[in-house]
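Student: I would like to request a close look at a single part of this model. Please treat it in one connected account.

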Amino acid sequence: MNLTMKRSKKSTGGLAIAKRRFVTGVTVPLLLYESLGIFVLGWAFVLMFFDYSSGRIGGPILGLGGSNPFVGLRHFIEMIKGTSVEAGLFRTSLRNTLIFAVAILPLNLAITLPLAWLLETIGSRFKALYRTIYFLPVLTSSVGVALIWMSMYDPQAGWINAIIRFFGGTPFSWLSDPRAGFAGVSVAMWAVILAYLWQDYGYNMVIFIAALQGIPQELKDAAMIDGTNAWQAFIKITLPLIRPTMLFVCVMTMLSSFQVFDIIQVMTNGDPNNQTQVLMLDIYKNAFRYQNLGWAAAESFVLFIIVMIVTIIQMRVLRTDWEY
Amino acid sequence: MKRKIFALMLVLVFVLSACGGKTPAVPGGDEPVVLRMWVHTNNAFIAGYEPLIAAYEAEHPNVDIQLENFDYELYLQTLQTAMPAGEEADILQLFGTWTSQYYERLAPVPAEVLTIEEAQSIFYEAPIGGYIVNGVLYGMPQEFNCEYGGVLVNKTLYEATGLTYPPQWETMDDVLADAQALTQVDASGMQSIAGFHFTAADPTWASFLAGIKQRGGDYWNADHTGFTFNTPEASAQLQWALDAVDADVVDPIVFNDSTNFVIDAFFQGKVGIGYIGTWAIAEGQTNFPDFADEWAYFYLPSIQGDPVFVADSGWGLTVSPNSKNQDIAWDFVKFATTDTANATQWNIASGTIPAMPAVAESAEIAAAMPWIPKALDILPFGQYLGNMPDRDLVMYEIIYPHILNVLQGVETIDQALEAIDTEANSTFE
């Protein structure tokens with residue numbers, strides 16, 4: 001009895017020590033990491049109520065107050081109805097960001113889902129090859145992608161205009177003509193959207209392929225026995241069954257397109273006439289070029305709220321209560 | 001008892017010496033001193049700094065100056081994060097117009113090092129103006145950043161077109177006449193060579209503000225508390241630029257700041273006359289070493305009257321108030337910027353216009369940079385741009401985009417001037 005108890009105590013003690021080590025090993029770094037993240041978020045939250053510039057000394061506590069005065073909600077009021085250049089640029093950037101995100105999501109889905117479905121139908125020998133080819137742009141740096149597309153869009157030496165010239169058409173300044181547009185959106189914005197789609201579509205496609213592979217074969221067989229054709233099977237069987245994946249893809253794509261920055265900064269830097277100026281670019285310029293950190297923090301908060309609302313809506317609309 | 005008193009005194013000596021810290025080192029002293037110096041990454045500039053540092057260290061063997069450089073954008077971010085934390089280097093390279101944004105975090109130049117009056121007597125008005133905020137001097141300039149009036153001219157294109165070279169411009173009409181002859185359009189109707197590329201950001205604001213001044217106007221109100229951009233002089237200058245575009249000397253859709261930037265386009269043979277500051281020369285030669293066309297740098301005639309223009313100071317050196325060796329830091333800054341031999345060496349290495357007339361007029365500068373003597377006629381007319389709440393915002397997000405809109409045909413002159421006036425004045429709020 002005593003021996004059993006001793007053994008039991010010993011093994012419990014070992015487990016407890018192991019647990020404590022695990023908890024200490026994981027929790028302490030996690031807390032440090034989180035506290036750092038929370039501090040940064042908290043600092044950004046505080047800054048949005050101040051007219052803060054790092055070039056000014058300000059008050060005694062963290063440089064707040066004094067020449068970095070407290071402005072309360074003035075930044076947000078200015079964003080809504082202000083006439084300053086910052087307010088105008090914010091509204092333009094917000095509009096462009098919404099255009100970008102709203103265009104990217106359906107276009108991305110329209111490309112990636114059918115492509116993933118097509119890839120699933122081809123032989124396994126070529127499947128891996130095509131999957132690799134389509135995924136390669138995702139692995140390429142955004143700056144590299146931007147430079148490649150810039151060279152293609154070059155008004156004089158780019159091959160897109162070369163093709164247009166070959167067929168007798170009029171070449172075009174894709175990234176710098178503010179006069180031209182399509183469907184109410186500037187050509188420069190469409191040009192950037194196309195480049196972004198090209199870089200990004202491989203990621204979602206791979207996720208869709210994984211989802212399609214997860215659909216039980218019996219369901220497809222049953223549908224075929226019931227006389228459905230391929231299109232009906234796709235609409236009635238495949239699409240509903242990959243709805244959780246759709247939700248994930250929609251949320252992630254929307255998030256990344258609301259935060260688009262590098263590809264636009266390199267390709268247009270917001271030109272022409274601010275037609276491609278998006279929120280992240282505006283935040284960056286205000287924070288680091290114009291030292292307007294308070295304003296930039298307020299813009300970041302607005303972006304955070306928008307992204308959160310859009311994500312909640314997507315989760316409500318696309319959520320499922322079942323599994324297979 | 002005596003032992004106790006002795007021990008107490010010993011402790012007091014230790015405590016007081018610990019609290020007192022080190023005595024600041026002096027130039028030429030024996031105590032080793034390490035100074036950190038931050039500059040933005042520009043190989044030509046760094047090539048100018050390194051011999052200066054070596055020369056100073058040779059004169060002061062106890063001083064070790066460690067040069068650190070950052071890419072331009074990263075430099076801005078580093079300054080903005082390091083300064084509030086008090087972690088910046090002892091010596092900071094700053095652009096003159098930035099001083100009005102950073103002056104609270106900079107050390108004033110001690111009077112025994114250089115007074116404002118002395119500085120104004122040895123430097124040109126425009127470059128030193130950027131380092132004076134509220135009557136206090138915060139640094140010393142190394143260059144005269146002149147964005148106005150200088151142009152790269154492609155000799156090969158000139159001769160191929162049958163134009164007289166070197167250009168004999170008396171008026172801006174002569175420039176436009178040459179530019180029209182130089183302009184070429186390809187078979188599809190797209191401009192392939194711009195006769196006169198003046199539509200990048202810096203030339204656009206520089207010529208706009210100079211045009212206002214040369215026409216007798218001003219863009220500042222009487223007490224420099226606001227802008228006056230919606231004026232007849234500003235309108236006349238914009239109309240001149242629009243007429244030049246209508247005369248087909250440049251297509252601002254194809255040639256602007258983001259597409260076919262003037263340096264890239266010129267050194268690829270796509271521009272006859274390219275409006276840009278002298279700093280472009282070193283950059284163009286570095287980035288396009290295979291460019292075979294012959295070219296030279298000239299200055300444009302004024303729109304009317306004297307070639308009055310404004311300049312936004314130039315790069316120079318400042319000292320951190322957090323530096324423990326400010327006296328040595330200032331000694332080096334003075335050594336690098338006000339000593340004519342050192343300044344000459346730095347300007348030649350960096351390919352920049354000297355901030356001091358004594359250097360700009362020297363034979364060494366003329367031999368190394370043949371375009372500088374051509375600038376000597378206009379440099380004395382340079383006025384400081386003026387301390388703005390946010391110079392970059394006014395120049396690059398307000399003036400340039402609206403003027404480009406006018407030239408590209410998406411905004412009228414009146415609309416643009418009204419918008420520039422409103423938006424620029426809003427930066428004071």
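How far apart do the C-alpha centres of domain 1 of chain B and domain 2 of chain B lie? Please build the account around these two domains and what surrounds them.

Tutor: The model is a predicted one. In it, the C-alpha centres of domain 1 and domain 2 of chain B are 30 Å apart. Domain 1 comprises 25–145 + 312–378, and domain 2 comprises 150–310 + 388–426. Each domain is thus given as two segments of chain B. Where they meet, 11 residues of domain 1 of chain B contact 11 residues of domain 2 of chain B. The domain 1 side of this contact consists of 5 nonpolar, 4 polar and 2 charged residues.

The interior links the two domains as well. The largest nonpolar core has 132 residues, and B:L35, B:I91, B:F196, B:A311, B:V333, B:I399 and B:I403 are those with the most contacts inside it. Helix 18 of chain B, residues 391–408, is the element that gives the most to this core, with 11 residues. Because domain 1 and domain 2 of chain B both give residues to the core, it lies between them. Apart from this core there is another, of 53 residues, which includes A:L113, A:A191, A:I193 and A:L293.

One of the core residues listed above, B:A311, merits a closer look. Leaving aside residues up to four places away in sequence, B:A311 touches B:A126, B:F144, B:N145, B:C146, B:E147, B:Y148, B:G382, B:Y384 and B:L385.

Next come the strands of chain B. Strand 9 (residues 191–197) is mostly covered, with 6 of its 7 residues buried. Strand 8 (residues 184–185) runs antiparallel to strand 9, and 2 bridges join them. In this pairing B:Q184 stands opposite B:I193. The two strands form a hairpin with 5 residues between them, and B:G189 in the turn has a positive phi of about 95°. Strand 9 also pairs with strand 10 (residues 271–275) of chain B, here in the parallel sense and over 3 bridges. There, B:H197 stands opposite B:G274.

Helix 14 of chain B offers a view of another enclosed element. Since 8 of the 11 residues of this helix (residues 340–350) are buried, it is largely enclosed by the rest of the structure. The buried residues are B:N342, B:A343, B:T344, B:W346, B:N347, B:I348, B:A349 and B:S350. Their cover includes helix 2 (43–59), helix 13 (326–337), helix 15 (357–360) and helix 16 (363–368) of chain B. After helix 14 comes B:G351, with a positive phi near 70°.

Several loops hold backbone features of note. Most residues other than glycine have a negative phi, and most peptide bonds are trans. B:H224, which is not a glycine, has a positive phi near 60°. B:H224 lies in the loop between helix 9 (201–214) and helix 10 (232–246) of chain B. With 11 C-beta neighbours inside 10 Å, B:H224 counts as exposed. B:N260 likewise is not a glycine and has a positive phi, of about 55°. The loop that holds B:N260 runs between helix 10 and helix 11 (262–266) of chain B. B:N260 has 28 C-beta neighbours inside 10 Å and therefore counts as buried.

Cis peptide bonds are the other backbone feature. In chain B, such a bond joins B:Y165 and B:P166, with omega about 0°. B:P166 sits in the loop between helix 7 (155–161) and helix 8 (172–182) of chain B. In chain A, the bond from A:D271 to A:P272 is cis, with omega near -10°. A:P272 belongs to the loop between helix 11 (262–267) and helix 12 (279–289) of chain A.

Finally, there is the contact with the other chain. Here 34 residues of chain B are in contact with 30 residues of chain A. Helix 3 (72–85), helix 4 (99–102), helix 18 and helix 19 (413–426) of chain B each supply at least two residues of the chain B side. That side divides into 11 nonpolar, 15 polar and 8 charged residues. Helix 18 of chain B therefore appears in two settings: it gives 11 residues to the core that lies between the domains, and it supplies at least two residues to the side that touches chain A.

Definitions and conventions. Residues numbered from 1 in each chain as written. Chains lettered and ligands numbered in written order. Predicted model: local features only at pLDDT ≥ 70, side-chain atom pairs only at ≥ 80, totals over all residues. Core = buried A, V, L, I, M, F, W, Y, C linked by C-beta atoms within 7 Å. Buried ≥ 20, exposed ≤ 12 C-beta atoms within 10 Å, placed from the backbone. Helix = DSSP H or I, 4+ residues; strand = E, 2+ residues; numbered from the N terminus. Domains from an automatic or database assignment. Contact = placed C-beta atoms within 7 Å. Pairing = 2+ DSSP bridges. Nonpolar A, V, L, I, M, F, W, Y, C, P; charged D, E, K, R; others polar.
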